[in-house]
Amino acid sequence: MTQAHQTGPDQLAFQQYRTLLFSVAYRVLGTAADAEDAVQETWLKWSSADRSQVADPKAYLTRIVTNVAMEQLRSTRRQRETYVGPWLPEPILTGPDTADDVATADSVSMALLVVLETLTPLERAVFVLKEVFAFSHVEIAEAVERSEAAVRQAAHRARAHVRARRPRFAADRARQRDVTERFFAATTGGDINTLMELLSPDVTLWTDGGGKVRQALKPVVGVETVARWFAALATATYQGIEPGQMRAELTSVNGGPGVVFRGPDRVVATLTFDFDAQGRISALHNVANPDKLHAVTAGTRHELC
């Protein structure tokens with residue numbers, strides 16, 4: 001990278017859209033580390049391009065990062081097919097601006113990212129650009145280097161797929177936070193009755209240890225089973241950490257209320273929530289694979305758009 005590139009207008013343009021680039025890449029890839037790599041590769045391609053031919057830096061940079069992310073997703077898909085237990089996205093700490101914007105928060109929720117995992121790389125990229133960032137079909141066609149007709153078809157398939165698996169409710173953020181705080185208190189106090197009140201009857205707990213730490217290899221389903229799982233945390237040793245040594249904090253994870261569990265020397269897990277139409281917890285996503293906790297351990301708080 002030359003000195004001119006470090007200080008010139010090309011870097012200013014890149015920095016102006018850096019948050020957008022990470023926001024696109026993270027939603028397409030589902031991991032913060034891969035998204036950062038995609039942004040870095042975008043910078044390298046941008047800094048070596050003939051920018052005199054670039055009329056719209058935002059569109060040009062978005063096209064680069066989308067294609068880089070799609071290519072990464074195609075290669076990581078093969079790794080994920082042999083993953084031990086459920087594969088969950090890499091959690092990220094988010095700021096208050098993300099949590100306050102309901103649409104942005106929903107689009108980076110664990111629940112939606114899990115659904116996006118079931119799309120093809122093209123469908124996922126099209127869905128992100130269309131539904132989250134409101135790009136036109138023409139703009140997306142240029143970005144993903146497909147015909148407009150192909151993009152319209154991919155957008156239709158992706159939207160139908162997501163709607164079937166992720167019903168949208170009017171999000172009452174205050175109620176969600178209240179339920180999360182009550183769940184947090186009930187878990188730390190081992191209060192199984194309160195836990196059962198807060199959970200949907202067919203609640204599902206997904207745990208991701210990646211074969212690195214012991215976790216349930218299949219979803220844990222049902223209010224009583226899930227309630228007992230969390231009530232036991234108050235008295236059980238978890239990953240070699242005694243209950244008295246475990247600290248848990250409520251914070252913003254992936255745009256919503258979440259919990260970070262810490263031992264004396266490390267972050268051991270994150271927990272995020274999805275809610276049903278009545279405001280009860282319908283799904284919990286517990287990420288304990290240490291490979292996916294680097295950003296949370298570092299305390300990196302991502303601003304998203």
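Two strands are taken to pair if DSSP finds at least two bridges between them, and the helices (H or I, at least four residues) and strands (E, at least two) are DSSP runs numbered from the N terminus. The model is predicted, with local features needing pLDDT of at least 70 and side-chain atom pairs counting only at pLDDT 80 or more, while totals for chains, interfaces and linings use all residues. Residues are numbered from 1 along each chain as its sequence is written, and side-chain values use heavy atoms, with hydrogens and water left out.

Strand S6 (residues 267–275) is mostly covered, since nine of its nine residues are buried, buried meaning under 20% relative accessible area with a 1.4 Å probe and protein chains only. The pairings of S6 are set out below.

| Strand paired with S6 | Bridges and direction | Residues in the hairpin connection |
|---|---|---|
| S5 (residues 256–262) | five bridges, antiparallel | four residues |
| S7 (residues 281–287) | six bridges, antiparallel | five residues |

Gly258 has Thr272 in S6 as its bridge partner, and Phe273 is matched in the same way with Leu284 in S7. In the turn between S6 and S7, Gly279 has a positive phi of about 85°.

In helix H10 (residues 137–144), the buried residues are His137, Ile140, Ala141, Ala143 and Val144. Seen down the axis of H10, these buried residues fall within an arc of 165°, so they line one face of the helix; the arc is that of the directions from the helix axis to the C-beta atoms. Their cover includes helix H5 (57–80), helix H9 (121–132) and helix H11 (148–165), where contact means heavy atoms within 4.5 Å. Just after H10, Glu145 takes a positive phi of about 60°.

The largest pocket holds about 520 Å³ of space, a pocket being an open set of points on a 1 Å grid over the protein atoms alone, with protein on both sides within 12 Å along at least five of seven lines, and lining residues having an atom within 4 Å of a point. Its lining has 23 residues, of which Ala111, Val114, Val115, Trp206 and His285 lie nearest the centre. H5, helix H8 (110–116), strand S2 (199–208), S6 and S7 each supply at least two residues of that lining.

The largest cavity, a set of points where a 1.4 Å probe fits but cannot get out, has a volume of about 40 Å³. Phe183, Phe184, Thr187, Thr188, Ala248, Val259, Phe261 and Leu271 line this cavity, and helix H12 (173–189) gives the largest share of the lining, four residues.

Definitions and conventions. Buried means under 20% relative accessible area, exposed over 50%, partly exposed in between (1.4 Å probe, protein chains only). Grid points are joined across faces, edges and corners, and a volume is the space filled by probe spheres set on the points.
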